[in-house]
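Okay, thanks everyone for making it. Let me put the structure up, and then I'll just talk through it.

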Amino acid sequence: MEDSIQIKGARVNNLKNIDLEIPRGKLVVITGLSGSGKSSLGRALEEVFSCTLVHMDDYYMPLERREKDWLDIPAGNMDLERFRAEVLEPARRGEEICYRPFDCQKGALGEGRMLPRSALV
């Protein structure tokens with residue numbers, strides 16, 4: 001098996017002829033400005049590799065739990081501990097994932113969502 005997944009000339013919605021090399025066996029994060037093609041790339045990867053995409057938007061931290069200087073802290077608005085407990089640890093063990101997306105309008109965790117067991121790509 002190759003050490004990376006290579007994508008050449010990706011063209012989906014806002015992605016315009018993008019070349020990527022994605023390492024295998026690593027947690028991969030897709031980040032960028034609004035409208036830059038993150039979701040399009042994620043959907044394409046889900047389809048091609050039959051994998052599950054988890055949106056970090058579901059892991060916003062309630063304002064009352066954020067540090068005062070959260071804007072100066074990388075991922076200061078994200079509940080990374082909950083992400084690790086609900087997604088990363090079960091995925092590493094090959095278990096189903098049940099996570100509770102954060103509802104920004106209600107300022108609370110939503111109903112649990114089940115993700116099927118799948119291999120880490």
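So, Val29: buried or exposed? It's exposed, because its relative accessible area comes out at 62%, and the cut-off for exposed is over 50%. Bear in mind that what you're looking at is a predicted model. Val29 is found in the loop between E2 and H1. Its C-alpha is 9.8 Å from the C-alpha of Gly42, which is 13 residues away along the chain.

Val29 also brings us to the pocket. The largest pocket has a volume of about 1,500 Å³. It's lined by 45 residues, and the ones closest to its centre are Leu27, Val28, Val29, Leu53 and Val54. As for elements, strand E2 (18–23), helix H1 (38–49) and helix H2 (80–92) each put at least two residues into that lining. H1 gives the largest share, with seven residues. And if you sort the lining by class, you get 28 nonpolar, eight polar and nine charged residues.

Okay, on to the cores. The largest nonpolar core has nine residues, namely Tyr59, Met78, Phe83, Val87, Leu88, Ala91, Ile97, Tyr99 and Leu115. H2 and strand E3 (97–99) are the elements that give two or more residues to this core, and H2 has the largest share with four. There's another core apart from that one, made of seven residues, including Ile5, Ala10, Ile22 and Leu45.

Now, the aromatics. How many aromatic pairs does a search of the whole structure find? Two. Take Tyr59 and Phe83: the ring centres are 5.3 Å apart and the planes sit at 80 degrees, so that pair is edge-to-face. Tyr59 is in the loop between H1 and H2 while Phe83 is in helix H2, 24 residues apart, so to speak of distant parts of the chain being linked is fair. Both Tyr59 and Phe83 are buried.

Then there's Tyr59 with Tyr99, and this pair is stacked, at 5.9 Å centre to centre with 25 degrees between the planes. Because Tyr59 is in the loop between H1 and H2 and Tyr99 is in strand E3, this pair ties together parts 40 residues apart in sequence. Tyr59 and Tyr99 are both buried. Put the ring pairs together and Tyr59, Phe83 and Tyr99 are linked into a cluster.

One last ring to look at: the charged end of Arg66 sits over the ring of Trp70, 4.5 Å from the ring centre.

That's what I had, so over to you.

How values were computed. Residues are numbered from 1 along each chain as its sequence is written. This is a predicted model: local features need pLDDT of at least 70, side-chain atom pairs count only at pLDDT 80 or more; totals for chains, interfaces and linings use all residues. Side-chain values use heavy atoms; hydrogens and water are left out. On a 1 Å grid over the protein atoms alone, a cavity is a set of points where a 1.4 Å probe fits but cannot get out, and a pocket is an open set with protein on both sides within 12 Å along at least five of seven lines; lining residues have an atom within 4 Å of a point. Grid points are joined across faces, edges and corners, and a volume is the space filled by probe spheres set on the points. Ala, Val, Leu, Ile, Met, Phe, Trp, Tyr, Cys and Pro count as nonpolar, Asp, Glu, Lys and Arg as charged, and the others, Gly among them, as polar. Buried means under 20% relative accessible area, exposed over 50%, partly exposed in between (1.4 Å probe, protein chains only). A nonpolar core is a set of buried Ala, Val, Leu, Ile, Met, Phe, Trp, Tyr and Cys residues joined through side-chain atoms within 4.5 Å. Rings of Phe, Tyr and Trp (its six-membered ring) pair if their centres lie within 6.5 Å; planes under 30 degrees apart count as stacked, over 60 as edge-to-face and the rest as tilted. A charge sits over a ring if NZ of Lys or CZ of Arg is within 6 Å of the ring centre and within 35 degrees of the ring normal.
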